[in-house]
Amino acid sequence: MKMLCVLLTWWLGLPPVTWPSQSTARIDSLRRELATAAPDTARVLLLVQLAYEHTQTDPLATIAYGKQALQLAQRLHYRRGESLALIRLGSGFREAGNYPAALQVGLQGLRLAEELREPELIGRGLNALGYLNWEQGNSRPALAYFFRAKAVAEKSKNIKLLTRIMGNIGNVYQQLHRPDSAALFSRRGYALDLANHDLVSEVGDAAMLGNIYSDMGRPALARQFYRSSIRRAQGQHITFALCRAYLGQARLWQRQPGPGPDSAVYFGRQALLAGQQSNYPKGVLDASRFLAAAFAARRDSATAFRYLALASATRDTLFSQTRMAQLQALDVNERLRQRELADQQAEATQERRQLWLLAALASAVPALVMLWRTNRHKQRANQQLNAQNAQIARQRDDLSSTLTQLKDTQAQLVQSEKMVFLGELTAGIAHELQNPLAFMKNFAEVSTLLVDDMTGDAPRPARDADQEFLLAGLKQNLQEISQHGQRATAIIAGMLAHSRNGSGPRTPIDLNALVEEYFRLAYQGLRAKDPAFHTIRTAWLAPTLGLVPAVAPDLGRVLLNLFTNAFYAVQQRGKMAGTDYISEVRVSTQRLAAGSVEIKIYDNGTGIPEAVRHNIFKPFFTTKPTNEGTGLGLSLSHDIVTKAHGGTLTVDSREGEFTEFTICLPG
């Protein structure tokens, strides 16, 4: 099969495969140490490290070094080194396309790591098996392995391993066609790559981010990540990343008119060459399939057939019936082993419980007999007394509960009367102010029209410059009166909204549906004013939230106000920031242990200055320009949450970075 691939490469007219040089300072240093190393555990670790250094560029060398490390570790009975060698061998077999061998040695390495109870080895083994399943298209098992590895890495604070895992989870979500989740985890992984200077993971995550943004319809950003991956991978000959980035570029160009198809063919051939240079069969398969389809679209049947033949030969190498049967058998054996292990653990636990119960009973029998004899006479005398005490206690509890309910009801009635009186007073004042404000605005507008008539183009007696200046100043003053009258009208509308706060009874509502509805309405409202506005919206809503007692219209006003403020903040920061800024607004719901319900609304916008943060819930205070806010939105929201619903509304923010509002409602 390997000879067939070589012949097909010659037939396609591609340049001969050349293997990248491994004479980097790191590898040369390790080889010099190996030349003088004694056959001990240190030599095992040197061989494992050499196998790791060749994984992404020469998997055959990885396999060779891994086998040497495994044989030496077995002779020395060095079980940790044996586990490391098995995990690294699995990665070499995977990159070389031998999936059954990769699965077999990977499972052996994981079992040995679990026996040793070393978190680092367990995390590596789980990550390697997840990557193997992802390459074969087994998304769900891959995701399970990666999340198990993530939990181990987080618990042991292994940041280097967590860096790899986050990007790998993004790869799986991309395979599942979930671009939002893929972008979230891939961006986190890419940030960790840069912070920890992990070049191999960085170039792989950059190529995957290019694929994600390409699928999301953002070609400029996708091309930026592809170029970054290619530029960084070329210097270190990280050919697997070159293969993925070139193939992503090819697919991106294929969608472009004009010179797009020619550029797509060029980058497709570059991807194929990179896959062949690194003995990366999965990359060769994807690139040859793409080129076959590209030449078929150009009606070049002969070239398309040659690439299709290469793809078929590579696919037979990777997914032959024999290999797939081996994989299935290994998978079934592993599942049976895990079930048997779980059964054994359950049996051992049950046996320990039985032995503990028997021991407890054996030690308690004499004491129980003595207590039974001692308490036999007391029980009869105390039964009647206990019954009387229980009855008195029930009556006392009932009386206390009734008294508490009466006090709560009285407090609610007093508060309701106060709020009704305050609302009526506020509404009365606001209604009385509306009429003079309306007359003031109308007279200002009429006076403006009269000034326009006086200064129009019709023939008029000559005026001196002072009269013209006075008329212009008068017109400007009238316009200012009209504008401030409009602002006063908006403030009165907010006061009337305050007076209507808590008008309805609380009833059980679907809080998740209410959050989703107003999240969408707020975004559409800002998009109607600014069609060019875009942002990432993420909703993490607890599926087990259940119904929550609330006044749906009032709580909807709170959510709409907070969402609108969040979108406004990221819009304003987007106007000031450069192209690297990626805006995001998130909302999440969850039920807390105390039974209450929590809603969090987060944005990475302009933030709130610390000096004014304590004033944001005060009426008429606002950080927006004069004509863009009345300062009553957050005050009204705070009253609705705290007074009408008995909850809390808090804020956490850092200027220039983020703002997060938290609503907590009684469940």
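Which elements are included in what covers the buried residues of α10? Here are a few notes on that helix and on some loop residues; please keep in mind that this is a predicted model.

1. To take the opening point directly: the cover over the buried residues of α10 includes the helices α8 (139-156), α9 (159-175), α11 (199-215) and α12 (219-236), together with the strand β2 (536-541).

2. The residues being covered are worth finding in your viewer. S181, A182, A183, L184, F185 and S186 are buried in α10, as are G189, Y190 and D193. As general background, an α-helix has 3.6 residues a turn, so residues three or four places apart point the same way.

3. The length of α10 makes a nice check. The helix holds 18 residues (179-196), and at 1.5 Å a residue it should span 26 Å; the C-alpha atoms at its ends lie 25 Å apart, so the two values agree.

4. Just after α10 comes H197, with a positive phi near 55 degrees.

5. Another histidine to look at is H77, in the loop that links α4 (59-76) and α5 (79-95). H77 is not a glycine, yet its phi is positive, at about 55 degrees. Its relative accessibility is 69%, and because exposed means over 50%, H77 counts as exposed.

6. Finally, have a look at R117, which sits in the loop between α6 (99-116) and α7 (119-135). Here too a residue other than glycine has a positive phi, near 60 degrees. R117 is exposed, as its relative accessible area is 72%.

Terms used: Residues are numbered from 1 along each chain as its sequence is written. This is a predicted model: local features need pLDDT of at least 70, side-chain atom pairs count only at pLDDT 80 or more; totals for chains, interfaces and linings use all residues. Side-chain values use heavy atoms; hydrogens and water are left out. Helices (H or I, at least four residues) and strands (E, at least two) are DSSP runs, numbered from the N terminus. The expected span of a helix is 1.5 Å times one less than its number of residues. Buried means under 20% relative accessible area, exposed over 50%, partly exposed in between (1.4 Å probe, protein chains only). Contact means heavy atoms within 4.5 Å.
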